[in-house]
Amino acid sequence: MTDEERKFLLKISRMYYLDELTQAEIAKKVGVSRPIISKGLQKARNEGLVEIIIHDEAEHTINLEQEIANAFSLVDVIVVPTAEMPAEVAKNALSKAAAAYVLKQLKDASITKLGISWGTTLANIVKEWPNEAHEQLKVIPLIGGMGSNRIELHSNQLAYELSKKLGCNCESLYAPAIVETEQFRELLLQTPTVADVLEEAKKIDLAIVGIGNPYVDSTMEEIGYIGAEELKSLKAAGVVGDINSCFVCEDGSIAKNTINERVIGVNVDDLKQVDKVIAVVQGVHKVDSIIATLRGGYVDTLITDEQTAAELVHKIKGLVK
């Protein structure tokens with residue numbers, strides 16, 4: 001590039017980007033055609049004479065979304081901007097964003113059955129869910145849940161509360177999430193009230209699930225589903241997380257000889273057959289659990305907060321090295 005050409009490109013760039021003249025106005029001022037100005041402005045960018053920087057708080061989250069989606073071949077990733085927010089405000093922001101995203105998916109008339117798992121994150125989503133009628137829907141619990149301890153977190157309760165906000169019907173799965181023995185589980189699975197709901201749950205069009213870390217801030221431990229002996233067993237089996245109360249190992253495989261054999265709910269192999277599986281997760285302590293779940297291919301959409309996403313990308317980059 002000659003000095004003369006460089007001066008010309010800088011001149012028209014200043015007029016376009018700083019003085020905010022149109023390309024036609026610049027062409028008239030310098031005595032050339034508008035296409036020459038257009039090509040000159042593009043060349044100024046290509047040569048690095050002009051850099052366009054977008055100062056947008058969403059840019060950071062968009063980059064995080066792309067890195068996560070590319071790393072695990074996800075259909076969609078939504079990172080909710082929550083930097084500088086107090087914990088409670090961030091939790092509500094995530095819940096509202098997740099509800100809005102799912103409602104957008106429900107505009108597809110082919111979606112008639114929606115499944116929901118259980119837990120603190122999903123309970124907060126239902127709490128923040130706006131009233132919007134979708135009478136064609138049926139909400140189905142993806143895992144059992146009986147008893148009086150933290151009933152507001154149970155899949156049955158969440159399915160019922162969500163169906164009220166959607167103005168539609170729901171099913172109930174009359175069984176505990178985890179039973180004491182494999183034999184008792186097999187007996188329950190043979191009862192029509194349990195078998196029929198689980199069979200219908202396999203035919204859902206969209207699922208909303210959470211991802212848990214059984215060792216840190218575990219709702220399952222808080223409720224009493226797992227204790228010290230179970231935690232010891234999970235660690236011995238290489239478990240790093242769970243989805244719909246199905247425990248998975250670091251490589252995403254389903255853990256063997258664990259509580260999995262005593263869970264009553266839709267298993268993750270059936271979950272893989274669902275058209276849309278949306279996982280909503282918050283908390284940097286769940287990053288390893290998220291990675292394991294995504295490696296297993298159990299979800300196709302991830303919705304998370306900015307801090308968790310940033311730590312997830314940091315961990316992904318470390319794994320690549």
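Let me start with helix α1, which covers residues 3–18, and helix α2, which covers residues 23–30: in this predicted model the two pack at an angle of about 135 degrees, with their axes 10 Å apart. That angle makes α1 oblique to α2, and the crossing of the two helices is right-handed. If you would like to find the contact on the screen, look on the α1 side for F8, K11, I12, M15 and Y16, and on the α2 side for Q23, I26, K29 and V30.

Now stay with α1, but turn to another partner, helix α3. How are α1 and α3 placed relative to each other? Their axes lie 9 Å apart, and the packing angle is about 100 degrees, so α1 and α3 are roughly perpendicular to each other. The residues that α1 brings to this contact are E5, F8, L9, I12, S13, Y16 and Y17, while α3 brings I36, I37, G40, L41, K43, A44 and R45. You may recognise some names here, since F8, I12 and Y16 of α1 are also among the residues that touch α2.

Y17 deserves a second look, because we meet this residue again in a description of the surface. Together with L18 and I52, Y17 forms a nonpolar patch on the surface, and the three have about 310 Å² of accessible area together. I52, for its part, sits in the loop that runs between α3, residues 34–46, and α4, residues 57–72.

From α4 we can follow a link to a part of the chain that is far along in sequence. Which residue forms a salt bridge with E67? The partner is K317, and the closest N and O atoms of the pair are 3.6 Å apart. K317 belongs to helix α14, residues 306–320, whereas E67 belongs to helix α4, so this pair ties together parts that are 250 residues apart in sequence. In the structure as a whole there are 11 salt bridges, and I am showing you one of them.

Let me finish with another pair of helices, α5, residues 87–105, and α6, residues 120–128, whose axes come within 8 Å and cross at roughly 70 degrees. That makes α5 roughly perpendicular to α6, and here, too, the crossing is right-handed. On α5 the residues to pick out are K91, N92, S95, K96, A98 and A99, and these meet T121, N124, I125 and E128 in α6.

Key. Residues numbered from 1 in each chain as written. Predicted model: local features only at pLDDT ≥ 70, side-chain atom pairs only at ≥ 80, totals over all residues. Heavy atoms only, no water. Patch = residues over 30% accessible without salt bridge, like charges linked within 9 Å, V, L, I, M, F, W, Y side chains within 5 Å. Areas by Shrake-Rupley, 256 points an atom, 1.4 Å probe, with all protein chains shown as cover. Salt bridge = Lys/Arg side-chain N within 4 Å of Asp/Glu carboxyl O. Helix = DSSP H or I, 4+ residues; strand = E, 2+ residues; numbered from the N terminus. Axes fitted to C-alpha atoms, helices over the stretch in contact; angles between N-to-C directions. Parallel < 35°, antiparallel > 145°, perpendicular 65-115°, else oblique. Left-handed = near helix turned anticlockwise from the far one by under 90°. Contact = heavy atoms within 4.5 Å.
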